[in-house]
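Visitor: I am new to this structure and would like a close look at one part of it. Please choose one element, describe what surrounds it, and explain each term as it comes up.

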Amino acid sequence: MVDQAGRTDLHYAALENDVTATVRHLAAGVDPNAADTQGFRPLHLAAQQNAAEAATVLLEAGAEVDTVNRHGNTPLFTAVFNCRGEGAMIILLREHGADPFAENAHGQTPVGLARLIANYPVAAFFEDLD
């Protein structure tokens, strides 16, 4: 089922970090890379909520790690923006090859954003990069 925003049930399972539902929807053939009307994939929504468990299932099912939404933001960019100091999602995405230097439509990168965020030590998750 697809709603008016173009989101599948898999989008919502990822958003809620519901691993059981994520596995069920993938087993039923829902595309792990299905984009909503704004270009958000289930992995973007998992990244938004720091839902590392659902993200792991999505990545193992073939979710593309560097897909972009209509603003050019990758799931890693979304994870950095929403991490609130928690790095599990950032680490997971980086371990799966996410590009920390992927520029969005405004010329910002995940690592650049991490270095701008002052209220949490997000840059610590990118200390290995120059």
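Guide: What follows is about helix 5 and its surroundings.

This is a predicted model, in which local features need pLDDT of at least 70 and side-chain atom pairs count only at pLDDT 80 or more, while totals for chains, interfaces and linings use all residues. Residues are numbered from 1 along each chain as its sequence is written, and side-chain values use heavy atoms, with hydrogens and water left out.

Helices here are DSSP runs of H or I with at least four residues, numbered from the N terminus. Helix 5 covers residues 75–82, and seven of its eight residues are buried, so the helix is largely enclosed by the rest of the structure. Buried means under 20% relative accessible area, exposed means over 50%, and partly exposed lies in between, using a 1.4 Å probe and protein chains only. The buried residues of helix 5 are Pro75, Leu76, Phe77, Thr78, Ala79, Val80 and Asn82. They pack against helix 3 (42–48), helix 6 (88–95) and helix 7 (110–116), where contact means heavy atoms within 4.5 Å.

Of these neighbours, helix 6 can be described in detail. Helix 5 and helix 6 pack with their axes 9 Å apart, at an angle of about 160°. Helix 5 is therefore roughly antiparallel to helix 6. Axes are lines fitted to C-alpha atoms, for helices over the stretch in contact, and the angles run from 0 to 180 degrees between N-to-C directions. Angles under 35 degrees count as roughly parallel, over 145 as roughly antiparallel, 65 to 115 as roughly perpendicular, and the rest as oblique.

The crossing of helix 5 with helix 6 is left-handed. From helix 5, Pro75, Leu76, Ala79 and Val80 make the contact, and from helix 6, Met89, Ile90, Leu93 and Arg94. By class, this contact has seven nonpolar, no polar and one charged residues. Ala, Val, Leu, Ile, Met, Phe, Trp, Tyr, Cys and Pro count as nonpolar, Asp, Glu, Lys and Arg as charged, and the others, Gly among them, as polar. An α-helix has 3.6 residues a turn, so residues three or four places apart point the same way.

After helix 5 comes Arg84, which sits in the loop between helix 5 and helix 6. Arg84 is not a glycine, yet its phi is positive, about 50°. Its relative accessibility is 45%, so Arg84 counts as partly exposed.

Helix 5 also has a part in the largest nonpolar core. A nonpolar core is a set of buried Ala, Val, Leu, Ile, Met, Phe, Trp, Tyr and Cys residues joined through side-chain atoms within 4.5 Å. The largest one has 32 residues, and those with the most contacts inside it are Leu58, Val80, Met89, Ile90, Leu93 and Phe126. Two or more residues of this core come from each of helix 1 (9–15), helix 3, helix 4 (52–60), helix 5, helix 6 and helix 7. Helix 4 gives the largest share, six residues. In soluble globular proteins, nonpolar side chains tend to be buried together.

Met89 is worth following further. Apart from neighbours within four places in sequence, Met89 is in contact with Ala46, Ala47, Asn50, Ala51, Ala52, Ala55 and Ala79. One of these, Asn50, lies in the loop between helix 3 and helix 4. Asn50 has a positive phi, near 55°, in a residue other than glycine. Its relative accessibility is 16%, so Asn50 counts as buried.

Helix 6 meets helix 4 as well. The axes of helix 4 and helix 6 come within 10 Å and cross at roughly 15°, so the two helices are roughly parallel to each other. Their crossing is right-handed: a crossing is left-handed if the near helix is turned anticlockwise from the far one by less than a right angle, and right-handed if clockwise. Ala52, Ala55, Thr56 and Leu59 of helix 4 make this contact with Ala88, Met89, Leu92 and Leu93 of helix 6. The residues of the contact divide into seven nonpolar, one polar and no charged.

To sum up, helix 5 has seven of its eight residues buried, and these pack against helix 3, helix 6 and helix 7.
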